[in-house]
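Me: Please take a close look at one part of this structure, a helix and the sheet it packs on. Then set that part beside the other sheets, helix contacts and cores of the assembly, in one connected account.

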Amino acid sequence: MTVRNSPQQPHRRAIESAVDELRRQAGPIFTALEQSGLPLAITDPRLPDNPVVFVNDAFSEITGYPAEEAIGRNGRFMQAPESDPATTARIRAAIEAGREISAEVLNVRKDGTPYWNRMFIAPIRDASGNIIFFLSTHFDVTQVHEAERIHRDLQTGQKKLDETNERLRFTLAVAGAGGSWEWDIVNQCLNADARFSALYGLDPIEAARGVPADVFFSAIHPEDRPRIRIAVAGILGGAEIFSKEYRLVAPDGSLRWVHARGRCHFDENDQPLRFTGVLVDITEQKHVEERLRIAQTAGGIGTFEYVQGFGTVSVSDEFCRLLGLHLTNALPVRTINALVMPGDPPVIEQSPGLEGTSYAEFRIARSDNGEHRWLARRGEYVQDVETAGIRFIGVVYDITTAKQSEERLRELNEKLESRVEERTRERDRLWSLSSDLFSVCDGHGHHTAINPAWTELLGYREDEVVGTRFDAWVHPEDEASTHEHLKAVLRGDAVGDFDMRLRAKDGAYRWINWTFAPAGDMFYSVGRDVTQRKQLEDQLRQSQKMEAIGQLTGGIAHDFNNLLTGIVGSLDLMQTRISQGRTENVERYAKAAMTSANRAAALTHRLLAFARRQPLDPRSVDANRLVTSMEDLLRRTISESIQLELVPSDNLWLTLCDPNQLESAILNLAINARDAMPDGGKLTIETSNFHLDAASASTQQDVAPGHYVAISVSDTGTGMPADIVAQAFDPFFTTKPLGEGTGLGLSMVYGFAKQSEGHVRIYSEVGKGTTVNVYLPRYHGELDDQDVPSGLRQAHRAEAGETVLVVEDEPVVRGLILEVLGDLGYRALEADDGPSGLSVLESKQRIDLLVTDVGLPGLNGRQLADHARLLRPNLRVLFITGYAEKAAISSGFLEAGMEMITKPFAVDDLASRIRHIIERS
Amino acid sequence: MSVDIALSELERDALTELVNIGVSRAASSLRKMIGEEVILSVPAIEILSPKDASRLIEEREAGQLVAVRQQFEGAFAGRALLIFPEETSLDLVRAVVGNQLSPDEVAEMEQEALAETGNVILNGCLATMANMLKRSLDISLPEVIRGDGPLLFELLHQRAEGGLVLFLYINFSVRNRDIRGYIAMLMDLPSLAALQQLIADFIERVVGKEVESVSSKGTDSQNASWQA
Ligand SMILES: Cc1cc2nc3c(=O)[nH]c(=O)nc-3n(C[C@H](O)[C@H](O)[C@H](O)COP(=O)(O)O)c2cc1C
């Protein structure tokens, strides 16, 4: 107990500041407390051991301790040693729990006299509910038995304390905010505090004591007074809530804006008892508010205030305007939130437990016109003093413009994206649906991607194509040109419109027209199937040819008639002479007939060659020798008024070509030259070596660089203008009158040169003459045995036992061949069709050579030869072909040990070919 | 268009106060019924044509409405409507009858409970107003009607053509229940004129001579404006 009794002296300063705080918080009430006749003590539980910080004079009176001796000590210092521990424990428990408590404790005055101290201790809390002080009242209840009066005192004291406490609490609740009033409705009396008095210009003492209720209206601005009177009448008549703003006129005439908020208290019968409230000076606030209102209206800022749990929101006019609602100051939460587009955050959030600040953006459909706007809402959750609930206060403003530009930007992006997507889709569609071949190729010409058309058109699966080079499956004849174009595109040049053939999976070739588009180190290719077009073109060309041939029948008939006349006439004469027994001139007639027959053969050759139905039979050729051998023929062909000069070059290279075709070509050119010189002139045929270097070759289409043998045929005739030269190689182009020429000449020469991998050039000048150069590739091998045909020679004769099988369905031709073979000393076997020929081949007979017609019924010559080769792998074969066999003939037709002779042929030619073949083996 | 511009500021205040008292009374009755705190805010009033009233309520309440209607006769006459959004009405019923009931039971009692609640509120409101104005009113039994704004304000009141709606936007909130409603009084022009006169008397009584200096300028135009 000694310890408990020993006074504690907390810091003076702390105590002083506690007292200051008390004065500040309690304001005029504190003064009232000081002066009250009721013994009072106040302790500060925030200081160590809850020391007394204030006692009034009444307290000092009953305890005997002056204030300075009581302050700083815990109240227990006055306890008598025999005071009841249970009671002090009860007090302690109540204090710790922050409860009110009444207790009677035996105390000792300063002068040592003991007395019963009846205490009432109550906590005092600040606005947020924290206990800041304990307030106690004290009574000397020693003479408890004469308690009638004391008891009454006690009761009034209790009541007074209660009231004082309530007033204090209420004041503290609005700490620093303004004055408070209490209107006793029953007694029509108004009690007001010092601050209220100051605002109203009342005497604070009088106001505290009570003034007539009507004083409430005294200082109100006359313009506001009726309004407030009505409102107060409402309260006096039973209304519950009072909340008004009005102006007060100070005695010096200055105006203050105040906000009076009050509430009516009722008795059990709902009769109004008291009207209490707080007056807050809002002059500053008004100014600020006005400025804010102007700013908000100008800035389009709407404000709102919402107490959690309420159904409505207080809003500003601007708020209503922003949402397109009727101007009002309260709106249902739902009305506001219903304007927000689904999925967007609400304007007012209603879920509990929200705190801090909050920002949201949302779209609304304006209530008045349905227009969509973007609004932003910024709000803050604050504790509401009045209801202890949460108040959500904030602003809304329009952000449509910002959002629109944002939106526009996004839309633009999206549109761009979707446009790109669409394009891509379109392209994908094109890619996958097109019947054209599409492919992407890398820098080496390998396919990296192909479209489905490849499968549809060519039958290759994607995985079969991807990875292959572009020129896989290209037709051998188109390889060279394909390589050229590939090179071009890989160099970065665009390539358009070139045709080539691709082998489909089924082996058939399709004509494809290609376009290449380079793109960096890769390229795109688009190929269109033009097979049908090509076929149609072929058909067209063929039909054009046929038409032309029909047209030219006259010309050919003319030639033929002349020739036939020569032949028939000569044979007639021969027959006559033989029948007359005059054989001395027979040979002359035979020669004449032969010449005519040769020319007729040449004519058909020309026709066939033109039609490309005559296969070439290339051999090494000495052009000098060939030209020289033609001298006789040429001289006979041209008229006497034309001078012929042959200029063979020394050391002329060999060339590789079909000598018969070369002969025809030279003859054709000579005939053209003759026809160009109706009044005579000079025909020159020259030979020379020619080197075409790469640079020159690149300027000339279709010509590969390299060594060539040139044969030029020049005349001094009329010459041709450039446009005619340009067309000179077109088939059937002719300047000759109908019936006088075939027009086949130059195009045949051109076709021959091209087929021989050479080319032709024409130089012509009107009035001066024309030179046609035929370039044929140089041949580096040996010269073939080149006996110029001149009747059957001994050299052709067979060696003993050499056997030839002749398969030919045409008896006359077969007979002729057999006769020739017999003359030459060969043993000859014969068959008139494929199967019977085959049975001979299957026999054990010696057979050195098979001579077979290609166009045989049943088993054709080619098939027969193939079968024969199975039985006799080294069998040599000589094919005889004619017009009809064209289809079966192509390059590659002839294997090693096979040769070909074309109908019609000279007997001597046949003999030398047979000899040649047999010997070579 | 709102036509309440015709009321002087003071008259508006007075009318608001009167309604305030009435609603306060009604709310305290309601508080007793529900046993939960009913928080009141000072109502706003508007005087509108029936058409504008229906538009106004449609603007604020999207769904169906439930209304308790009572007729009143006396110094001024008309119909009073206590209007709730349909979803609110069930909440209110639940607040009145308690939480223990199942939704089915609540639905069953809805009609009755609404009528009773409506009666408490409208009756309290009207009677208090009449009392303040030192007059008495006969008030009929409540009936519950359902429909949208046009039905409540226009179709059902064709007789009141040329009449106006005194639209009280009462903001009474039952804590923890999102309950809100409106009170509308449909009156014809003679009734409104009578009401206005009573309000003037009330002002006279309360404000006394003071009023003459401040509110006379609004008074001249009042009668004309009521007829707009
Ligand atoms: C404001 C106030 C005044 C008090 N005045 C007295 C007093 O006059 N006499 C007394 O015996 N105890 C008084 N007390 C009680 C003691 O200070 C103390 O709280 C009580 O004895 C129980 O605590 P303890 O058990 O630690 O002593 C007062 C307490 C408060 C809060």
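Reply: Helix α17 of chain A, residues 479-491, lies across three strands of chain A, namely β20, β21 and β22. The direction of α17(A) makes about 135° with that of β20(A). The model discussed here is a predicted one.

The sheet under this helix is open and has 5 strands of chain A, in the order β19-β18-β22-β21-β20, with antiparallel pairing. Its edges are formed by β19 (447-450) and β20 (495-503) of chain A, each of which pairs on one side only. From one strand to the next, the twist averages 30°. The strand β20(A), against which the angle of α17(A) is given, is thus an edge strand of the sheet. Within the sheet, β21 (residues 509-519) and β22 (residues 522-529) of chain A run antiparallel and are joined by 8 bridges. In that pairing, A:W514 of chain A faces A:G527 in β22(A). As a general matter, strands of a sheet pair through backbone hydrogen bonds, either parallel or antiparallel.

Chain A also holds a sheet of the other kind. There, 5 strands pair in parallel and form an open sheet in the order β31-β30-β32-β33-β34. Because β31 (827-831) and β34 (898-902) of chain A stand at the edges and have a single partner strand each, one side of each is left without a neighbour in the sheet. Neighbouring strands here are turned by 20° against each other on average, with direction ignored. Strand β30 (residues 803-807) of chain A runs parallel to β31(A) and is joined to it by 5 bridges; A:V807 stands opposite A:A831 in β31(A). Helix α26 (residues 811-824) of chain A packs on this sheet, where it touches β30, β31 and β33 (876-881) of chain A. Its direction makes about 165° with that of β31(A). Helix α29 (residues 907-920) of chain A lies across β30, β32 (849-853), β33 and β34 of chain A, and runs at about 175° to β34(A).

Chain B offers a further set of pairings. Its secondary structure comes to 8 helices and 7 strands, and 57% of its 228 residues count as buried. Of the contacts in chain B between residues at least 6 apart in sequence, 75% join residues at least 24 apart. Strand β2 (residues 65-74) of chain B is mostly covered, with 7 of its 10 residues buried. Antiparallel to β2(B) runs strand β3 (residues 78-85) of chain B, joined to it by 8 bridges, and B:A67 stands opposite B:I83 in β3(B). These two strands, β2(B) and β3(B), form a hairpin with 3 residues between them. Strand β5 (residues 143-147) of chain B is also antiparallel to β2(B), through 5 bridges, with B:V68 opposite B:V144. Strand β4 (residues 137-139) of chain B is joined to β2(B) by 3 bridges, again running antiparallel; here B:G74 stands opposite B:L137.

The helices of chain B provide a contact of helix with helix. Two packed helices are described by the angle between their axes and the distance between the axes. For helix α3 (residues 86-97) and helix α4 (residues 103-132) of chain B, the angle is about 85° and the axes are 9 Å apart. The two helices α3(B) and α4(B) are therefore roughly perpendicular to each other. From α3(B), the residues B:S89, B:L90, B:L92, B:V93, B:R94, B:V96 and B:V97 meet B:V106, B:A107, B:M109, B:E110, B:A113, B:L114 and B:T117 of α4(B). By class, this contact has 10 nonpolar, 2 polar and 2 charged residues.

In soluble globular proteins, nonpolar side chains tend to be buried together. The largest nonpolar core of this model has 83 residues, and those with the most contacts inside it are A:W181, A:W183, A:F216, A:Y246, A:L279 and B:M185. Helix α4(B) gives the most to this core, with 11 residues. With neighbours within four places in sequence left aside, the contacts of A:W183 are A:C189, A:L190, A:A213, A:F216, A:F217, A:V232, A:L236, A:L273, A:R274 and A:F275. A second, separate core has 39 residues, including A:L634, A:C657, A:M720 and A:I724.

Terms used: Residues are numbered from 1 along each chain as its sequence is written. Chains are lettered from A and ligands numbered from 1 in the order in which they are written. This is a predicted model: local features need pLDDT of at least 70, side-chain atom pairs count only at pLDDT 80 or more; totals for chains, interfaces and linings use all residues. Side-chain values use heavy atoms; hydrogens and water are left out. Two strands pair if DSSP finds at least two bridges between them. Helices (H or I, at least four residues) and strands (E, at least two) are DSSP runs, numbered from the N terminus. Axes are lines fitted to C-alpha atoms, for helices over the stretch in contact, and angles run from 0 to 180 degrees between N-to-C directions. Contact means heavy atoms within 4.5 Å. Angles under 35 degrees count as roughly parallel, over 145 as roughly antiparallel, 65 to 115 as roughly perpendicular and the rest as oblique. Ala, Val, Leu, Ile, Met, Phe, Trp, Tyr, Cys and Pro count as nonpolar, Asp, Glu, Lys and Arg as charged, and the others, Gly among them, as polar. A nonpolar core is a set of buried Ala, Val, Leu, Ile, Met, Phe, Trp, Tyr and Cys residues joined through side-chain atoms within 4.5 Å. Buried means under 20% relative accessible area, exposed over 50%, partly exposed in between (1.4 Å probe, protein chains only).
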